[in-house]
Amino acid sequence: MKEKKIMLGNEAIARGAYEAGVKVSAAYPGTPSTEISENIIHYPEIYAEWSPNEKVAMEVAIGASMSGVRAMASMKHVGVNVASDPLFTVSYIGVNGGLVLVAADDPGLYSSQNEQDSRLVARTALLPVLEPSDSSEAKEFMKYAYTISEKYDTPVMLRTTTRLAHSQGVVELEDRVEVEDKPYERNPRKYVMMPGNAKLRHVFVEQRMNALSEDGCDMWVNRVEMNDTKIGVITSGIPYQYVKEALPNASVLKLGMVHPLPRKMIEEFAAKVDTLYIVEELEPLIEEQVKSWGIKAIGKEIFTVQGEYSANMLRKAILHEEIELETPAEVPARPPILCPGCPHRSVFSVLNKLKIHAAGDIGCYTLGAVAPLNVVDTTVCMGSSISTLHGMEKAKGKEYIKNWVATIGDSTFLHTGVNSLMNMVYNQGTGTVMILDNSTTGMTGHQDHAATGKTLMGETVPAINIFHLCKAMGIEHVYEVDAFNTAELEALIKREVARDEVSVIITKAPCALLKTNISKKKCYMIPENCKKCGMCLVPGCPAITKDDNGNIRIDDTMCNGCGLCMQRCKFGAIGCKEV
Amino acid sequence: METKNIMIVGVGGQGTLLTSRILGGITTAAGYDVKLSEVHGMAQRGGSVVTFVRYGETVAEPIVEEGQADVLIAFERLEALRYAHFLKKDGVLIVNDQRIDPITVVTGAAKYPENIIEDLSKKYKVISVDAMTEAKKLGNSKVFNTIIIGVAAKHMDFAKEDWIKVIENTVPAKTVDINKAAFEAGYTL
């Protein structure tokens, strides 16, 4: 009997890559895609790397495919935007060894800045999209993606969502199939995309997509589950599970390939059912095409384009079931916050004190936007802090940004912030850039990057030195400072924002959750000195609270001993010691 | 068998994912079809987190919806209150008697509700445990979640030996003994 294992969707995707004989994987961490790469390293047959950003990752995978091996890139939905430049053109080039892009969407925005639908990107880039519904399918579809990729000479998008990526289900393990490398032959008409060649490849791409649409009617990933014909549903991915739960008697056309659509199959199915529903989260990709063929169907008239679906949502919308529910209790919200001991809190508490605005970026430090820190004013996308600050200056003049800084993490700086800083230097900006260097990619759960000195596969390598990198751009004023030294930090920020030149302040202190950085210190109260002034509470550390009698308490199970509260106390009422 | 629905709720960083791994392990070992849904990413930074576990002959939907949970395991009082309406009428609520103030309370924008356990006990079958104190008695506050699993185990349909086997296979080798002791402590509370 084959071994069965319970696996996260992302773990199953990694397993699928392994079984498919993949040899190269490149990625940049991003929720909900990160665990794919973290699981791929369990298979030594695959070379796996963290690239500095998704465009680079995509290109690494493209190069590997061109050389004749099966390759993949994985990223979150907004990462696909970063990778879209190579993606749109590799669609024309096609593949040598099979090439798969795993795009992880986030309906419901569990950990993202938008709720975009990557299937639309694939549609515009003229790429086929496979969409699995559970962990078991994630593994099987991954393998099938390589079959399609090589048969039709096309990169394939495997599209997941948070609910698939972070759900565990039972998976049957199979052996790896070693795929022989395809021979590489010089072929500029295919591999060099200049106008004359690309024009011809565009014709090929159209033919390829038509062939996929036709053959899709016989692909096993698309299947009809005929049942009662009063209600028919076309669905795919995780929503298929909600359909099965809510409408066990309905007939279902389950699409495994959601682009291009198997038109004949859909037309035949539609003819057999009385009322046809199309159930897909986010954008009406399937629905709009089906309706454009003159097929009557109900979709976004009754289903939302926002957030995740559920079985109860379908019971209400399709069956008009009244579901009696208890009213939820009214309780205080618990939004995410910076951890106890987080160096970002120290930096933001200084910026807050100086009433400085921050053009923010993507990472844990986006949380500097919320109370009680309220420092971050803007957040758009990876690397945008530096360039948006520069744009403000060019619009309003250098005086306008004298009470502004850009705040960006080390990993995000290397991702795309470095380009923005180059621009600031080149175009004579005067902004103050704060690189919050916590020696890791924090939000996604501690991934290494080019400045940590470690690779995804655990090798020790020379680390890019961020200080020297900034210096090499010709920036004279680059400073490194301990993120917890609030006095020095305050003086430095005051001086640098006033300066009519670009300056970079690198605040250094490792993430409080890094295993190599587990603090042995704990802060403690010296109650007889406490005046209950509450200064220690201002930075909003969750380990220090005021009880109903106004007494300050430090929770020793949460405290990381960073000493920020102690620095803020003028009365010596907080101590810090090794325990 | 009807599909069973379990929920684990708590505060990001409390280690609810280990509990879900153990639940995934024991239900799979028993030969059930299992689906488990977790929260990773930003909410893990001190936010409210929830894990759904469903097991039975075949399981489609990976989430538990309101009014469907057979067992709700809450790692913190306020989170018990937040998700109590997910319980079935005869569902069991296991709550760790710990208070972690959300930032909305720390900043004074909201008040931490009083008498949560007493109020919930009027509506549901509530089993309350001070797992942190019990864990400190064992000399390691980190195993409080395994104590909660021990308490929950008494209200689920798996043999004690099977739980222990799964714990042995799930936790890091160095911590097997302390976690077994913690499970035992919870189970006999």
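These legends accompany several close-up views of a predicted model.

**View 1. Four domains make up the division of chain A.** Start here to get your bearings along the chain. Domain 1 covers residues 4-218 of chain A, and domain 2 covers 223-319. Domain 3 takes in residues 343-508, with domain 4 at 521-578. Between the centres of domain 1 of chain A and domain 3 of chain A, taken over C-alpha atoms, there are 33 Å.

**View 2. Domain 1 of chain A meets domain 3 of chain A.** Here 18 residues from domain 1 of chain A touch 16 residues from domain 3 of chain A. Together these two domains bury about 1,300 Å², of which 63% lies on carbon and sulfur atoms. Look for Tyr28(A), Trp50(A) and Gln113(A): this trio supplies 37% of the area that domain 1 of chain A buries against domain 3 of chain A, more than any other three residues.

**View 3. Polar contacts, but 0 salt bridges, are counted between domain 1 of chain A and domain 3 of chain A.** The polar contacts come to 4 residue pairs, with both residues at pLDDT 80 or more. On the domain 1 side, helix 2 (34-40) and strand 3 (47-50) of chain A are the elements that give two or more residues. Strand 3 of chain A makes the largest contribution to that side, 4 residues. By residue type, the domain 1 side that touches domain 3 of chain A has 9 nonpolar, 6 polar and 3 charged residues.

**View 4. Chain A and chain B share an interface.** In this view, 50 residues of chain A are in contact with 51 residues of chain B. The two chains bury about 4,300 Å² between them, and carbon and sulfur atoms carry 59% of that area. There are 5 salt bridges across the interface. One of the pairs to find is Glu245(A) with Arg54(B), a salt bridge whose closest N and O atoms are 3.1 Å apart. The interface also holds 18 residue pairs in polar contact, both residues being at pLDDT 80 or more.

**View 5. Helices and strands of chain A contribute to the side that touches chain B.** Elements that each supply at least two residues include strand 1 (4-8), helix 14 (311-319) and strand 21 (544-546) of chain A. Helix 11 (237-246) of chain A is also on that list, and with 5 residues helix 11 gives the most. The chain A side that touches chain B divides into 26 nonpolar, 15 polar and 9 charged residues.

**View 6. Strand 8 of chain A pairs with strand 2 of chain B.** The two strands run antiparallel and are joined by 3 bridges. On chain B, the strand spans residues 33-37. To follow one bridge across, begin at Gly169(A), whose partner in strand 2 of chain B is Lys35(B).

**View 7. Two cis peptide bonds precede prolines of chain A.** His259(A) and Pro260(A) are joined by a cis bond with omega of about -10°. Pro260(A) sits in the loop between strand 12 (257-259) and helix 12 (263-272) of chain A. The bond joining Ala371(A) and Pro372(A) is also cis, with omega about 5°. Pro372(A) lies in the loop between strand 14 (357-359) and strand 15 (376-378) of chain A.

**View 8. Leu126(A) and Lys532(A) have positive phi values.** Leu126(A) is not a glycine, yet its phi is about 60°. You will find Leu126(A) in the loop between helix 6 (118-125) and strand 6 (129-130) of chain A. For Lys532(A), phi is near 55°. Its place is the loop between strand 20 (521-525) and strand 21 of chain A.

Note on methods:
Residues are numbered from 1 along each chain as its sequence is written. Chains are lettered from A and ligands numbered from 1 in the order in which they are written. This is a predicted model: local features need pLDDT of at least 70, side-chain atom pairs count only at pLDDT 80 or more; totals for chains, interfaces and linings use all residues. Side-chain values use heavy atoms; hydrogens and water are left out. Domain bounds come from an automatic or database domain assignment. Contact means heavy atoms within 4.5 Å. Buried area is the accessible area (1.4 Å probe) that two parts lose on being put together, summed over both. A salt bridge is a side-chain nitrogen of Lys or Arg within 4 Å of a carboxyl oxygen of Asp or Glu. A polar contact is a pair of N or O atoms within 3.5 Å; within protein, one must be able to donate a hydrogen and the other to accept it, and residues adjacent in sequence count only if both atoms are side-chain atoms. Ala, Val, Leu, Ile, Met, Phe, Trp, Tyr, Cys and Pro count as nonpolar, Asp, Glu, Lys and Arg as charged, and the others, Gly among them, as polar. Two strands pair if DSSP finds at least two bridges between them.
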